[in-house]
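Q: Could you take me through the ligand site of this model up close? I'd like to know what touches the ligand and what surrounds it.

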Amino acid sequence: MTGTYLLDYGAGNVRSLVNAVKKLGHDITYVKDPSDILKADKLIFPGVGAFGSAMQSLHSKGYAEPLKQYLALNKPFMGICVGMQSLFEGSDESPNVPGLGIIPGRVRLFSAKDKAVPHMGWNTARTIQGGDRAKGCGLEDGRAYYFVHSFAVPFVEGSPEAREWCLTTTQYGGEAFISSVRRGNVFCTQFHPEKSGFAGVNVLKAFLDGNASVGAELDAALIQASVFAAGGGLSVLAPSYIPEPTQDQFTKRIVACLDVRANDQGDLVVTKGDQYDVREQSTTDGKGGDVRNLGKPVELARRYFEEGADEITFLNITSFRNCPLTDLPMLEVLRRTSETVFVPLTIGGGIKDVVDPDGKVHPALEVAGEYFRNGADKVSIGSDAVYAAEKYYALGGRGDGTSAIETIAHAYGSQAVVISVDPKKVYVNSPSDAPTHHVIQPAQLGPNGEKYCWYQCTVSGGREGRDMDVRQLVTACQALGAGEILLNSMDQDGMKQGYDLALINDVRSAISIPVIASSGAGAPQHFVEVFEKTGVEAALAAGIFHRREVPLEAVKDTCVMAGIRIRTIDAPLAV
Ligand code: 1PR
């Protein structure tokens, strides 16, 4: 059967891509056999996970050779993220594994000296000037798209890959890299169009609808030459293009968070607590009323996407109780959300080993895999991360490879593993009162005039405090392979008094992975404050969005007015 095919090797979330293609009115067929590749009229390769495992999968499934033939025929091809990287000669991520070698150049690790790594968030793609390479590919010069990667191909002016292939460059900190390539009918993006809102869906639409290619005949010959020269180093030079100087346009992310649980009637609802108490006050004793119901998860997520949220997080807040794999209510929520929401989705709560009613144990990796296949881009680990950190220190500062953080990061990449931290302030009179913990001076004195505090990590939704401070936790989690920290505060949660800047600065300065500030947003100015005073990559809020007290647009406008780089809200696509 001809048509559009998807080259998937089962490594992660391709559901959003498939949903976007379907929403655009196109059918897509999964490649099941190597012979399917040459049957395709159009082929999309959304590479997921590590470079080495992607390449190994291509070879072990017998896809590599037909893929090279397909490319040599100059048939329409779209590679995404690792699907783009695989066309290069190799990657420092997996130094001993060669790439397909169709594009000259090598994929390198970003430097963490001046920025958080992974590069996770929205950044601007700038079109190389001087050619017609950008025509008809749906890319807008200067528009922000969603990236998530630690490795990229550096943009080196005058290099063969820059001259012959580069379509856009993107600046991250002090490094410029190639963020898309195009030649003939081959078009690849380092960013994820299916996660880049309506702007990204437009890029997919152009590929799916498009008939034209860029200098197809000339480039067909060039691609062929490159394929056959792969490994041999022959490079055929195309006319030279002059890049425009770029500057870092990496934006701060605004994340909408939905705490989800079943209410007393058994319906799954979005709820929201004050200092983690999600029940209404009872009229009789002031305690233990109904679970607050602020809406339906799928509908709210869609609203936030349309209003311009850069990312959406679902937290299943009661899943510290055992949630069998056979009964994960959030799977359906994710499946339905990913039909209409095209920004990154994170799911948290219950990412741990779970036990089915028949006693069958499913490792955390399997649980996470279910979520990825159903539309999640990242999983967030709460309680289990604290236990993993405790084990890390008990082993003298190393992992044993078995924790959920390690196994999931190994299989799906660090960028897919978020740690949700639930710290609570413990006030002390002097640092010597908490000799094994990192003590700081908070902005306000404690209830008994205490000048110092440390931040205690909790598990089970804040119900149990552990003998570990937040700095110890995040340092261990980063070492174990986590890619991002979602930093809540039990003291600030729902209070609308602003983020805990001392806590956030303490964590931000301890690690190099991205940090999402959470808990306490009550006004647009709180977002400005947290970005200006802490350097976090993202800020999350829940209550003010659910209760429509502060529109997302007002948050973004206020940040822009304050000179903070933010993704502008793009117009909905007419599909
Ligand atoms: O331990 O891996 O099963 O994960 C459980 C997850 O559920 C953790 O991420 C934990 O943070 C979350 N959780 C558990 N209980 C609660 C609760 O509220 N009772 N919610 C809870 C945590 C905090 C934030 C909230 C921000 C912003 N909610 O996610 O959205 O504080 O709120 P605000 O803007 O209204 O101030 P595991």
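A: Let's start with a contact: a backbone N or O atom of glycine 494 lies 2.8 Å from an oxygen atom of the ligand, a polar contact here being a pair of N or O atoms within 3.5 Å. The protein covers 97% of the 770 Å² of accessible area that the ligand has on its own (Shrake-Rupley method, 1.4 Å probe). Bear in mind that this is a predicted model, where local features need pLDDT of at least 70, side-chain atom pairs count only at pLDDT 80 or more, and totals for chains, interfaces and linings use all residues. Residues are numbered from 1 along each chain as its sequence is written, and side-chain values use heavy atoms, with hydrogens and water left out.

Back to the contacts. Serine 383 has a side-chain N or O atom 2.5 Å from an oxygen atom of the ligand, while a polar backbone atom of tyrosine 276 is 2.9 Å from a ligand nitrogen.

Now the wider shell. In total, 24 residues surround the ligand, and the closest are Ser383, Ser420, Asp422, Asp493 and Ser519 (a residue is near if one of its heavy atoms lies within 4 Å). By class, that's seven nonpolar, 13 polar and four charged residues, with Ala, Val, Leu, Ile, Met, Phe, Trp, Tyr, Cys and Pro as nonpolar, Asp, Glu, Lys and Arg as charged, and the others, Gly among them, as polar. Strand E14 (253–262) and strand E27 (538–541) are the elements that give two or more residues to this shell; strands are DSSP runs of at least two residues, numbered from the N terminus.

Methods:
A polar contact is a pair of N or O atoms within 3.5 Å; within protein, one must be able to donate a hydrogen and the other to accept it, and residues adjacent in sequence count only if both atoms are side-chain atoms. Helices (H or I, at least four residues) and strands (E, at least two) are DSSP runs, numbered from the N terminus.
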